[in-house]
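Subject: Structure handover and findings

Hello,

I am passing on the structure we discussed, followed by notes on what was found in it. Please read the notes with the model open.

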Amino acid sequence: MKMIKSSAAGFEKLFQKLRFREGAHSPELLAAVAKIVDDVAASGDRALLKYMKKFDGYAPAAAELEATPAEKKKALAEVKPQEISIIKSAARRIERYHRCQVAHGYKIRPETGVELEQRILPLHRVGIYAPGGKASYPSTILMAAIPARIAGAEEIVLVSPAPAGKLNPYIAAAAEISGVHRIFKIGGAQAVAALAYGTETIPQVDKIVGPGNAYVAAAKKMVFGQVDIDMIAGPSEVVVIADAKANASFAAADMLAQIEHDEMAAAFLLTPSETFAITVYREIRRQIKTSARKKIIEKSLDRYCAIFITGSLDEAVNIANRFAPEHLELMTQSPDKILKKVRNAGSVFLGSYTPEALGDYLAGTNHILPTGGTARFSSPLGVYDFYKRMSVLSFSRKAFEKLSRPTADFARMEGLDAHAHSVLIRGK
């Protein structure tokens, strides 16, 4: 793990290297994903099953891809009652927060004979990708399906890898509780392509949401335009801003919690206190010894993690805004004051007792967040992601005649005579 002062000569070069995590989307990876996407688009189930055999090591029949009611029931029976209770509690809190995001259309009458309206319509069919590689993520299903249901999506389709075709019990439970209609036991770039183009078995959706590995992210990027997507999610990341009075063991634990996801995850500490920085470094080395995912964490620490010793807290915030992290923790004496200066972050966690893990599970906010600096212009997943907006116009003849001449003149300014004619012909 690197430790460097922001005033050091090599700081900027290191910051840029860590910020962009070189190699996340190599040309070789993109070429491989493009082949998969094109193949599934052209050949449907045949290509999908071919890639499942190649990457997942088993070859089901097309009819076995969708989880049956019996499979769902069997999987649900494996989940303990107290675990069901926890998932339901998370679902209630997520729903309560996201209900506040419900959008409403409007209608205005700016002048006599003119009526302008914006209609808010839910997407018809939504596809959710829930990872199932190094870990399963039932929480992701809650975060995606509940806002989609609140928005009014008519059908919610889930795809998630199922090793050897066995439906993960927690995935089944989260799907049932959050309102998923259909579950397909598929994953990877081929699952994204199947949702985007449809196959004989997999229905085509209007939008694909949810995080995944580099192959999934690349596939989502490639199918955008055929369908909508939420974002191109990269590896997870957290930035912790802390002052000298923060709890070093808390900061270390939160950094380790984020980078246990995978070897590409990133964690940064920004602090003006060199003493605190050294203490956190030692805490990380101590806590890692007992981690169940030690090998993953060690690789991530070596690749994309650093402690930056800044000249001040203001400088720490400026660096964090440049990074535009997925998660930003403010472990300072006055986090509210620091928050006023934060411009770019997917989700911000204030104080020592608001760890990022709360946002992952039970706080109620959404954990599907912009990564890789995209928090500069992107937002957490929400109900608003499952709407589309429609404009509606209505003019009376008198109101039309009032605007017909300037409308025709404007069309001619752009050299579009047929546009002008379509207006003027109504005045004859």
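The notes below go from the whole chain to helix packing, then to backbone and cysteines.

Please keep in mind that this is a predicted model.

Overall picture

The protein chain has 428 residues, of which 49% count as buried. Its secondary structure consists of 17 helices and 14 strands. Taken along the principal axes, the C-alpha atoms fill a box of roughly 85 × 55 × 45 Å. If contacts are restricted to residues at least 6 apart in sequence, 74% of them join residues at least 24 apart.

Helix 5 and its two partners

Helix 5 (residues 81-99) packs on helix 6 (residues 138-151), with the axes 10 Å apart and an angle of about 45 degrees. Roughly parallel would need an angle under 35 degrees and roughly perpendicular one of 65 to 115, so helix 5 is oblique to helix 6. This crossing of helix 5 and helix 6 is right-handed. On the helix 5 side the contact uses I87, A90, A91, I94, E95, H98 and R99, and on the helix 6 side L142, M143, I146, P147, R149 and I150. By class, the residues of this contact of helix 5 with helix 6 are nine nonpolar, one polar and three charged.

Helix 5 also packs on helix 7 (residues 169-178), again at about 45 degrees and with axes 10 Å apart. Helix 5 and helix 7 are therefore oblique to each other, and their crossing is right-handed. Here E83, I84, I87, K88 and A91 of helix 5 meet Y170, A173, A174 and I177 of helix 7. The contact of helix 5 with helix 7 divides into seven nonpolar residues, no polar ones and two charged ones. I87 and A91 appear in the contact with helix 6 and also in the contact with helix 7.

Helix 1 and helix 13

The axes of helix 1 (residues 11-20) and helix 13 come within 11 Å, crossing at roughly 40 degrees. That angle makes helix 1 oblique to helix 13. The crossing of helix 1 and helix 13 is right-handed. F11, E12, F15, Q16, L18 and R19 of helix 1 make the contact with I319, R322 and F323 of helix 13. In the contact of helix 1 with helix 13 there are five nonpolar, one polar and three charged residues.

Positive phi

Most residues other than glycine have a negative phi. Two alanines in this model are worth a look on that account.

A164 has a positive phi of about 60 degrees without being a glycine. A164 sits in the loop between strand 5 (155-159) and helix 7. With a relative accessible area of 68%, A164 is exposed, the cut-off for that class being over 50%.

A324 has a phi near 50 degrees, also positive in a residue other than glycine. The loop that holds A324 runs between helix 13 (313-323) and strand 12 (327-331). A324 has a relative accessible area of 0% and is therefore buried.

Cysteines

How many disulfides does the model contain? The count is zero, with a disulfide taken as a pair of cysteine sulfur atoms within 2.5 Å. Two cysteines can be placed by accessibility: C100 counts as exposed at 69%, whereas C305 is buried at 0%.

Regards

Note on methods: Residues are numbered from 1 along each chain as its sequence is written. This is a predicted model: local features need pLDDT of at least 70, side-chain atom pairs count only at pLDDT 80 or more; totals for chains, interfaces and linings use all residues. Side-chain values use heavy atoms; hydrogens and water are left out. Buried means under 20% relative accessible area, exposed over 50%, partly exposed in between (1.4 Å probe, protein chains only). Axes are lines fitted to C-alpha atoms, for helices over the stretch in contact, and angles run from 0 to 180 degrees between N-to-C directions. Helices (H or I, at least four residues) and strands (E, at least two) are DSSP runs, numbered from the N terminus. Angles under 35 degrees count as roughly parallel, over 145 as roughly antiparallel, 65 to 115 as roughly perpendicular and the rest as oblique. A crossing is left-handed if the near helix is turned anticlockwise from the far one by less than a right angle, and right-handed if clockwise. Contact means heavy atoms within 4.5 Å. Ala, Val, Leu, Ile, Met, Phe, Trp, Tyr, Cys and Pro count as nonpolar, Asp, Glu, Lys and Arg as charged, and the others, Gly among them, as polar.
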